[in-house]
Every structure is written in structure tokens, then in C-alpha cells.
Amino acid sequence: MPEDSSNQTDDGAILVPVGESVTLRKTVAYAVREAIETSAELHFVAPVAWRDIGAASADVRAELESLLERVAVWAEEDSDGSVDASTAIIGEDEYLFGPDDFARVLSQYARRNSLERVIIDPEYSPGGNAPLLQPMETQLVAAGLTVEEAPVERATRRGRLLRRGGLLQFAALFGISFLFYQLLGGFSGERFDLLTGAGSALLVATMLHRIAFSDRMKLTAIARRVARLFIFIPYLAYEIIVANLYVSYVILHPSLPIEPRTTEVRSAVWGGMPVATLANSITLTPGTLTVRVHGQDFMVHTLIRPAREGLFDGALERAVRFVFYGREAARISSPRERDDCRILETVTGTEPESGGDAE
């Protein structure tokens with residue numbers, strides 16, 4: 001829990017980021033007690049995550065406004081009207097993805113309103129990703145704010161190994177297992193292979209369909225994603241062909257004008273499948289090779305300048321976002337526009353360049 005007690009003050013307004021959580025009510029009560037003790041104002045703010053912009057913005061705004069209204073009512077009840085509580089939705093027109101993005105808009109709000117102290121709900125999940133909480137707190141401390149997590153009791157978490165299964169999960173696992181069995185058998189089509197494959201797939205699906213998927217599958221969501229995937233595949237093929245032509249030109253050119261660079265790109269995708277899809281798409285495109293992936297940070301080796309420029313312009317990243325998150329997510333700014341890319345090293349030994357200024 002990042003906290004800078006040396007900067008702690010006895011007055012001044014308090015900033016409280018809010019989001020749906022099991023401890024939000026207790027966090028509000030704690031913040032009200034602290035405000036009463038220090039005669040401070042309270043500012044409850046709700047940042048808008050990147051995936052909630054665009055077409056979903058109206059519904060998201062309505063939900064956040066409802067949440068902030070509840071929070072304001074709780075603060076009024078707990079303080080008997082003795083504490084001033086302001087509410088605001090922030091980050092509507094910005095790209096909020098990682099912990100530093102949330103910390104940035106929160107610290108900007110704090111500076112505009114002369115706030116020095118931030119109380120965090122320990123179950124607050126910025127962007128819907130719990131692992132972002134501690135890095136966000138660290139960034140807020142680095143911005144000069146006093147940060148503390150509300151000392152509230154949390155319910156003991158007992159994750160269930162078995163979840164509610166469904167026919168769709170069963171069918172999906174059966175199909176995957178059956179196709180994999182036939183792949184190992186070389187798709188011989190023989191009756192024995194078909195029967196044993198079906199039997200093996202039935203056994204796997206029966207035993208594992210309740211634990212094989214992290215979320216309950218929805219047919220409509222899968223159908224939309226598959227439809228977008230069929231659009232993505234020709235686009236990826238086109239990118240591979242264009243990249244092949246570029247690399248072939250460089251190889252056949254008398255002066256061999258290659259520009260090998262190791263670059264770092266902070267992607268706007270999250271989750272195992274989207275990240276794996278983007279990493280493999282980059283590697284499949286000649287001229288670029290995904291060297292390492294950590295979270296949303298990609299280390300990519302680029303062989304030629306057009307490949308690097310395309311990587312920084314985020315065409316493949318945008319296409320992967322379209323497949324997994326929909327059309328609105330594809331409109332998020334590119335890594336170059338977000339300043340989320342940079343050159344780590346050059347063959348000439350010069351200083352690394354930032355993505356925005358790169359070549």
C-alpha cells in the first residue's frame with residue numbers, strides 16, 4: 001500500500017476515486033470520518049476506462065452518474081450534511097488504459113482543485129483490472145499526492161474451481177478437442193479415428209467444460225467476434241504481402257538499406273487471447289519480430305524503417321482491438337499518438353529516440 005506519511009496534512013480536500021466494489025460503502029464512510037476530523041471537503045470522482053468510450057459512452061455515463069449519486073447520498077447520511085461532497089466524471093475524452101493513465105487524470109484533477117490527499121478503496125479496480133491498483137497508487141505518490149488505502153474489512157475471497165457450465169462451453173471444448181485429436185491423426189477420416197476422437201472429446205468436455213473457460217461464453221458475443229475475425233484475416237494477409245514486398249526490395253537492393261532497431265511498444269490490448277493474437281500477428285509480418293511481451297508492453301525487433309513506422313502507427317494493434325473489442329475500440333489513438341512507443345537501441349550506438357520523434 002503506497003503511502004507517503006511525511007507529506008500528510010491535517011486539512012485540505014480529499015480525493016476519492018470510486019467504482020463498483022464490495023467495499024465502496026465502507027470506503028465512503030471512512031472518507032467521511034476523515035473529512036469530519038480534518039474539516040476537509042470530499043471529491044468523489046469516477047474515471048472512464050478506455051473500453052467504455054464511444055458508442056457505449058451514454059450508457060456508461062448514466063451508470064457512473066447513478067453510482068456518484070449513491071455515493072453522495074451515503075456521504076450525506078454519514079456526515080448529517082456537515083461535509084461538502086463534490087462528484088465528477090473524469091477522463092471521458094482521454095485514453096485511460098494503464099495505471100499511469102488513471103493516475104494522470106486523477107493527479108490533474110487534484111491539481112486543478114488543490115487536493116493533496118487521496119483515499120483509495122482497496123477493492124477499486126481501475127479499468128476493471130485489479131492488478132492496476134498498486135501501480136496506480138505508486139504513480140499518484142510520485143505525483144506528490146498523499147495516498148492511502150481505506151482500512152476497511154474485506155470479505156474473504158474463496159475462488160471456485162468449478163463454475164456454472166453451459167451447453168456452449170461444452171460444445172466449444174468438445175469441438176476443440178475433437179479437431180485436435182484429428183489433427184494428431186492427420187485427418188485420416190477413418191472410422192476408428194473418428195470414433196476414438198469423439199469419445200476422447202466427449203470425455204474431455206464432460207470433465208473440463210466447467211473449468212476450461214474463465215468467463216461464461218455468450219453466443220452473440222462469439223458470433224460478432226468470429227465475424228470480425230473473418231474481416232481481420234484478409235487484412236492480416238494483405239499486411240503480410242506488403243511487408244514481404246518491402247523486405248524483398250531491401251534484400252535485392254544493392255546497398256541493402258536495412259535499419260535494425262529494438263523497439264518498445266505499450267499496446268492498447270489486454271487479456272491473454274488479444275495479446276497473443278497481436279504478438280503473433282506482429283511476428284507473422286516480415287520485418288518485425290515480437291521478442292518479449294510483459295503485460296501490455298511489447299519488445300519488438302524491426303528490420304526496416306517501413307516496418308517500424310507501421311508498428312508505431314498501430315495498424316495491426318487497431319485491427320486486433322477491432323476483433324476483440326469492437327469498432328469503437330479501433331478508434332483509440334495509435335502508439336505514436338499516445339507516445340507509447342520508443343526505440344531502445346540503434347546499430348550506430350546513438351541515444352534512444354522516443355516514438356513520437358522516431359525518424
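1. A salt bridge here is a side-chain nitrogen of Lys or Arg within 4 Å of a carboxyl oxygen of Asp or Glu. The model is predicted, so local features need pLDDT of at least 70 and side-chain atom pairs count only at pLDDT 80 or more, while totals for chains, interfaces and linings use all residues. Residues are numbered from 1 along each chain as its sequence is written, and side-chain values use heavy atoms, with hydrogens and water left out.

2. The rule yields 13 salt bridges. One of them joins the side chains of Glu20 and Arg70, with N and O 2.4 Å apart. Glu20 sits in the loop between strand S1 (14-17) and helix H1 (24-38), and Arg70 sits in helix H2 (residues 57-79), so this pair ties together parts that are 50 residues apart in sequence. Helices (H or I, at least four residues) and strands (E, at least two) are DSSP runs, numbered from the N terminus.

3. Are the two partners buried or exposed? Glu20 counts as exposed, at 56% relative accessibility, and Arg70 as partly exposed, at 32%. The cut-offs are under 20% relative accessible area for buried and over 50% for exposed, with partly exposed in between (1.4 Å probe, protein chains only).

4. Glu77 forms a salt bridge with Arg25, and the closest N and O atoms are 3.9 Å apart. Glu77 belongs to helix H2 and Arg25 to helix H1, so the pair links distant parts of the chain, 52 residues apart. Arg25 is partly exposed, with a relative accessible area of 28%.

5. A further salt bridge joins the side chains of Arg336 and Glu309 at 2.7 Å, N to O. Arg336 lies in helix H11 (residues 335-338) and Glu309 in helix H9 (residues 305-313), so the pair ties together parts that are 27 residues apart in sequence. Separately, Arg266, Glu317, Arg321, Arg338 and Asp340 are joined into one network by salt bridges that share partners.

6. Pro99 lies in helix H3 (residues 99-112) and is buried, with a relative accessible area of 15%. The C-alpha atoms of Pro99 and Glu137 are separated by 8.2 Å, although the two are 38 residues apart along the chain.

7. H3 packs against helix H4 (residues 133-142) at an angle of about 40°, with the axes 8 Å apart. Axes are lines fitted to C-alpha atoms, for helices over the stretch in contact, and angles run from 0 to 180 degrees between N-to-C directions. That angle makes H3 oblique to H4; angles under 35 degrees count as roughly parallel, over 145 as roughly antiparallel, 65 to 115 as roughly perpendicular and the rest as oblique.

8. The crossing of H3 and H4 is right-handed (the near helix is turned clockwise from the far one by less than a right angle; anticlockwise would be left-handed). The contact (heavy atoms within 4.5 Å) involves Pro99, Phe102 and Leu106 of H3, among others, and residues of H4 including Met136 and Leu140. The contact residues divide into seven nonpolar, two polar and one charged. Ala, Val, Leu, Ile, Met, Phe, Trp, Tyr, Cys and Pro count as nonpolar, Asp, Glu, Lys and Arg as charged, and the others, Gly among them, as polar.

9. Helix H5 (residues 167-184) and helix H6 (residues 191-208) pack at about 140°, with their axes 8 Å apart, and are therefore oblique to each other. H5 passes H6 in a right-handed crossing. Contact residues include Phe170, Phe174 and Tyr181 of H5 and Leu194, Ala201 and Leu208 of H6. The contact of H5 with H6 comprises 12 nonpolar, six polar and one charged residue.
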